[in-house]
Amino acid sequence: MSFLFGGRSNKTFKPKKNIPEGTHQYDLMKHAAVTLGSGNLRQAVMLPEGEDLNEWVAVNTVDFFNQINMLYGTITEFCTEESCPVMSAGPKYEYHWADGQTVKKPIKCSAPKYIDYLMSWVQDQLDDENLFPSKIGVPFPKNFLSIAKTILKRLFRVYAHIYHQHFKEVVQLSEEAHLNTSFKHFIYFVQEFNLIERRELAPLQELIDKLTSKDR
Amino acid sequence: LRPEGRLKNYSPQAFKFYMEQHVENVLKACKERVTRRFQLEREMNKVGLSEDAQQQMRRMLNQKESNYIRLRRAKMRRDMFETI
Ligand SMILES: [Zn+2]
């Protein structure tokens, strides 16, 4: 089944060259320090002793999906065909949708449409008993980790879009600490198990460095 | 205008409450799991089990923990999709 999820091509991810950073980067950095609580999330993402890695990645992936689903649900009124005619993460990164299954040729679409495709696609994966078994004793498929990597890589793009295009609204709704905490937890998790390639994280690299610098 | 889709609106309050609870639960679950493991080791020391029996007990606890997070995932999924 790896042909559905794997693939070395990276046509859905288009870095644009030579475009200067926007000034909104500053605001991101100013607010990046605000997070919830003081507990050790870095320790909480680590594989518990004796736990199966697939099981651990599965439960956390569902957790992050739920968080991102709710988070995006708070800003849907600001993320429209008009405000976000393309799915982007700042001026340098633009995403085109393809799932490798029903949509093979990447399509350029608005952010709300892209995110709707993306979240529906993830939901379908999580719902698939062959990929995410929910009954005790049923094993994960052999390629489970590569499926999870694809899901997490795509979920990251929703964070990237929200941080770059909707951070102002997030601050207006006073949910920046909640977003930062969710994202920090997500980053700790993908770093711990090497689940997303560094070049995919580039749109938020500066923020990632800042969020994770204090407790490295 | 938004395209018709499966995405749902959430109030910021709902998201914030969820996140606050969630982070607390994640940290608590992590701590409690370590504690259970500790407790098992202590109990086993007290009764002086053989090395084989100890391994067996550890495997049983691991399996129980693993089953627990699987059921939690299944439950989370159901809760999430029932409301959509
Ligand atoms: Zn948008």
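1. In this predicted model, the zinc ion is held by four protein donors, namely Cys79(A) through SG, Cys84(A) through SG, His161(A) through NE2 and His166(A) through NE2, which lie 2.0 to 2.3 Å from the ion. Along the sequence, these donor residues follow the spacing C-x4-C-x76-H-x4-H.

2. The site of the zinc ion is tetrahedral, with angles of 102 to 120 degrees among its four donor atoms. For comparison, the ideal angle for four tetrahedral donors is 109.5 degrees.

3. Two of the donor residues can also be described by their accessibility: Cys79(A) has a relative accessible area of 0% and is therefore buried, and Cys84(A), at 4%, is likewise buried, because the cut-off for that word is under 20%.

4. Turning to the interface, 57 residues of chain A are in contact with 40 residues of chain B, and the area buried between the two chains is about 4,500 Å², of which carbon and sulfur atoms give 60%. On the side of chain A, the residues that lose the most area to chain B are Met70(A), Ile136(A) and His178(A), which together account for 14% of what that side buries.

5. Across the interface of chain A and chain B there are five salt bridges, including the one between Glu49(A) and Arg37(B), whose closest N and O atoms are 3.2 Å apart. Polar contacts across this interface number 16 residue pairs, counted with both residues at pLDDT 80 or more.

6. As for the elements involved, α3 (41-44), α4 (53-73), α5 (111-127) and α8 (176-192) of chain A each supply at least two residues of the side that touches chain B, and α4(A) gives the most, with 14 residues.

Note on methods. Residues numbered from 1 in each chain as written. Chains lettered and ligands numbered in written order. Predicted model: local features only at pLDDT ≥ 70, side-chain atom pairs only at ≥ 80, totals over all residues. Heavy atoms only, no water. Donors = N, O, S within 2.8 Å, 3.2 Å for Na, K, Ca; no water. Tetrahedral: all angles 85-135°; square planar, octahedral: opposite > 155°, others 65-115°. Buried < 20%, exposed > 50% of the residue type's maximum accessible area, 1.4 Å probe, protein only. Contact = heavy atoms within 4.5 Å. Buried area = accessible area lost by both parts, 1.4 Å probe. Salt bridge = Lys/Arg side-chain N within 4 Å of Asp/Glu carboxyl O. Polar contact = N/O pair within 3.5 Å; in protein donor to acceptor, adjacent residues only side chain to side chain. Helix = DSSP H or I, 4+ residues; strand = E, 2+ residues; numbered from the N terminus.
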